Amino acid sequence: MTAADAAPTPHTSHTPAEQPGSAASGARARREALVARLRQHGEAEVAALPALFGVSVETIRRDLRQLESTGRIIRSYGRVTAAESAAYETSQSFRSTYQAEEKARIARAAAAFLEDAETVFLDEGNQPLLVGRALPADRDLTVVTASLPVAVELAKRPRYTVICVGGRVRPTTLGAVDHWATAMLGRMEPDLAFIGANGVTDDGWMTTPDPAVAAVKETALAVARRAVFVGSHMKFGHSTFVRFAHVRAVERIITGRELRSATARRLSAMGPQVERV
């Protein structure tokens, strides 16, 4: 063995940024951690993220731009939330508090559109539940729904007849799905359907993360005489995996005044009347 063989190999210290590819891998890891945190906590203030992750404001801005461009987050008014997808849906508790004031405005406007309808379909989800709460309780009305929370709450109204379609109950939304639900709903013809979605793409496709949910929504739109989409401005501009209908399938979109006017005009050109409240 030579002296060279016996000599210890010197250790050269490198910072992560000096190692090939480590800067990119570090950015990926940070972005994944950011998304994971948003999915756990629901939302965050953009201004708080640099200190939280120990990086500069510009670094966080780059992270957010990249995550937004790939549809993984949604930014609005200095706050950021995780975008829903095939692998992730927000909880009912989060939905009940997030954008609450805007959703209340939408619900009131939607209820005013009831007109002379005697039978109404209410979709699963927080926004249709709010619409149900806003409907007048002093008139006879038959409500068909796939949502257990809607059925339980509105069944207490003496002048309402509530029909809850059966099926497998999803734990996230407590909505009934699968062929039992679509078969039962397919035999009905409600006067009006209030439909929600997890996302609406730029070219007008309404989407949801779960194919079973998409089938129920698609059936409701097929059998209802009229249909109205209800959803906050945060729903627009991204896909959540499964298309169930185009916005031309509804006669009206009721959303918040926070929706950009350019987006409203583009959607109106596709067919429905867009009402920002």
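**Notebook: strands, a buried helix and a few odd residues**

I started with β4 and β5, which pair in the parallel sense over four bridges. For one pair in that ladder, I looked up Leu122 and found that its bridge partner in β5 is Thr145. Worth remembering while I read on: this is a predicted model.

Next I checked how covered β5 is. The strand takes in residues 141-145, and four of its five residues are buried, so β5 is largely enclosed by the rest of the structure.

**Helix α7**

How many of the nine residues of helix α7 are buried? I got seven, so this helix, residues 126-134, is largely enclosed by the rest of the structure too. I wrote the buried ones down: Asn126, Gln127, Pro128, Leu129, Leu130, Val131 and Gly132.

Then I wanted to know what they pack against. The helices on my list are α5 (92-97), α6 (100-112) and α8 (148-154). The strands are β4 (119-122), β9 (192-195) and β12 (226-230). So β4, the partner of β5, turns up here again as a neighbour of α7.

**Arg157**

I went on to Arg157, which I found in the loop between α8 and β6 (160-164). Is Arg157 buried or exposed? Buried, and yet Arg157 has no salt bridge. I looked for the nearest side chain of opposite charge and landed on Glu153, 6.0 Å away. A salt bridge would need a side-chain nitrogen within 4 Å of a carboxyl oxygen.

What I did find is a backbone oxygen: that of Gly132 lies 3.5 Å from a polar atom of the Arg157 side chain. Gly132 is one of the buried residues of α7, which ties this entry to the one above. Skipping neighbours within four places in sequence, I listed the contacts of Arg157 as Gly132, Arg133, Leu135, Pro136 and Ala137.

**An open sheet**

Now a three-stranded sheet. Its order is β10-β11-β13, the sheet is open, and the pairing is antiparallel. Which strands sit at the edges? They are β10 (199-200) and β13 (242-246), each pairing on one side only. I noted that helix α10, residues 211-223, packs on this sheet and touches β11 and β13. The direction of α10 makes about 10 degrees with that of β13.

Back to the strands: β11, residues 205-208, is joined to β13 by four bridges. I picked out one position there, where Thr208 stands opposite Val242 in β13.

**Two positive phi values**

A reminder to myself: most residues other than glycine have a negative phi. With that in mind I looked at Tyr77, whose phi is positive, near 55 degrees. Tyr77 is in the loop between β2 (73-76) and β3 (79-82). I put it down as exposed, with a relative accessible area of 68%.

Gln99 also has a positive phi, about 55 degrees, though it is not a glycine. I found Gln99 in the loop between α5 and α6. Its relative accessible area is 22%, and I logged Gln99 as partly exposed.

**Arg260**

Last stop: where is Arg260? In the loop between β14 (252-255) and α11 (261-269). At 66% relative accessibility, I count Arg260 as exposed, whereas Arg157 is buried. I also checked Arg260 against Val216: they are 44 residues apart in sequence and 29 Å apart in space, C-alpha to C-alpha.

How values were computed
Residues numbered from 1 in each chain as written. Predicted model: local features only at pLDDT ≥ 70, side-chain atom pairs only at ≥ 80, totals over all residues. Heavy atoms only, no water. Buried < 20%, exposed > 50% of the residue type's maximum accessible area, 1.4 Å probe, protein only. Contact = heavy atoms within 4.5 Å. Pairing = 2+ DSSP bridges. Axes fitted to C-alpha atoms, helices over the stretch in contact; angles between N-to-C directions. Lys, Arg positive; Asp, Glu negative; His and termini not counted. Polar contact = N/O pair within 3.5 Å; in protein donor to acceptor, adjacent residues only side chain to side chain.
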